[in-house]
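Hi,

Here is the structure I promised to send over. Have a look at it first, and then read my notes below.

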Amino acid sequence: MPDGALRTRCHALVHVTPRGGDSGLLRVCVTEDAPVHDGGERQTRRRVVARNHLA
């Protein structure tokens, strides 16, 4: 990022498995974080979790 801030993005596949059944994809989610350092520790300043409607 131009301002030096770090941004991360993660795609998560959420599966469901009914008892005795086959596993299947339930939805795809995207998580975007804005991590920061605070006193030598990494913390998350902001987190957005959204369903990916395009998947």
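Let me start at a turn. In the hairpin of strand 2 and strand 3, two residues sit between the strands, and G39 takes a positive phi near 65°. On the strand 2 side of that hairpin, D38 has E41 of strand 3 as its bridge partner. Do keep in mind as you read on that this is a predicted model.

**How far to trust it**

The mean pLDDT of the protein chain is 85, and 89% of its residues reach 70 or more. Strand 1 has the highest confidence, at a mean of 92, while strand 3 has the lowest, at 87. The usual caution applies: where pLDDT is low, the predicted coordinates should not be read in detail.

**The overall layout**

This one is quick to describe. The protein chain has three strands and zero helices, so to speak a plain β-β-β pattern when you read along the sequence.

The three strands form an open sheet with the order 1-2-3 and antiparallel pairing. Strand 1 and strand 3 are the edge strands, each pairing on one side only. From one strand to the next, the twist averages 30°. As a reminder, strands of a sheet pair through backbone hydrogen bonds, either parallel or antiparallel.

Now the two pairings in turn:

- Strand 1 pairs with strand 2 in the antiparallel sense, over nine bridges. In this pairing V16 stands opposite G24 of strand 2.
- Strand 2 (residues 24–38) and strand 3 (residues 41–51) also run antiparallel, joined by 10 bridges. If you want to follow the register on screen, A34 stands opposite R46 in strand 3, and T31 stands opposite V49 in strand 3.

**Surface and contacts**

How much of the chain is buried? Buried residues make up 13% of the 55 residues in the protein chain. The accessible surface comes to about 4700 Å², and carbon and sulfur atoms account for 51% of that. As for contacts with a separation of 6 or more, 19% of them are between residues 24 or more positions apart.

**A few residues to click on**

T31 is a good place to begin. T31 is found in strand 2, and its relative accessibility is 16%, under the 20% cut-off, so T31 counts as buried. Leaving aside residues up to four places away in sequence, T31 touches T8, R9 and C10, and also R47, V48 and V49.

One of those contacts, T8, lies in strand 1. T8 is partly exposed because its relative accessible area is 34%, which falls between the 20% and 50% limits. T8 and T31 are 23 residues apart in sequence, but their C-alpha atoms are 8.1 Å apart in space. Besides T31, T8 touches E32, D33 and P35, again not counting residues up to four places away in sequence.

H11 is also in strand 1, which covers residues 8–16. The contacts of H11, with residues up to four places away in sequence left out, are C29, V30 and N52. Between the C-alpha atoms of H11 and E32 there are 9.0 Å, although the two are 21 residues apart along the chain.

**The cysteines**

You will probably want to know about disulfides, so which cysteines are paired, and how many disulfides are there? The structure holds zero disulfides. C10 is in no disulfide, and the nearest cysteine sulfur, that of C29, is 9.9 Å away. Likewise, C29 is in no disulfide, with the sulfur of C10 as the nearest cysteine sulfur at 9.9 Å. Why do they not count as a pair? A disulfide needs the two sulfur atoms within 2.5 Å, and 9.9 Å is outside that cut-off.

Are these cysteines buried or exposed? C10 counts as partly exposed because its relative accessibility is 43%. C29, on the other hand, is buried, with a relative accessible area of 14%.

**In brief**

What you have is an open sheet of three strands in the order 1-2-3, paired antiparallel, with zero disulfides. If you open the model, T31 and its contacts in R9 and V48, among others, are a handy way to find your bearings.

Cheers

Definitions and conventions
Residues are numbered from 1 along each chain as its sequence is written. This is a predicted model: local features need pLDDT of at least 70, side-chain atom pairs count only at pLDDT 80 or more; totals for chains, interfaces and linings use all residues. Side-chain values use heavy atoms; hydrogens and water are left out. Buried means under 20% relative accessible area, exposed over 50%, partly exposed in between (1.4 Å probe, protein chains only). Two strands pair if DSSP finds at least two bridges between them. Helices (H or I, at least four residues) and strands (E, at least two) are DSSP runs, numbered from the N terminus. Contact means heavy atoms within 4.5 Å. Accessible areas come from the Shrake-Rupley method with a 1.4 Å probe; for residues, only the protein chains shown count as cover. Axes are lines fitted to C-alpha atoms, for helices over the stretch in contact, and angles run from 0 to 180 degrees between N-to-C directions. pLDDT is the predictor's confidence in each residue, from 0 to 100.
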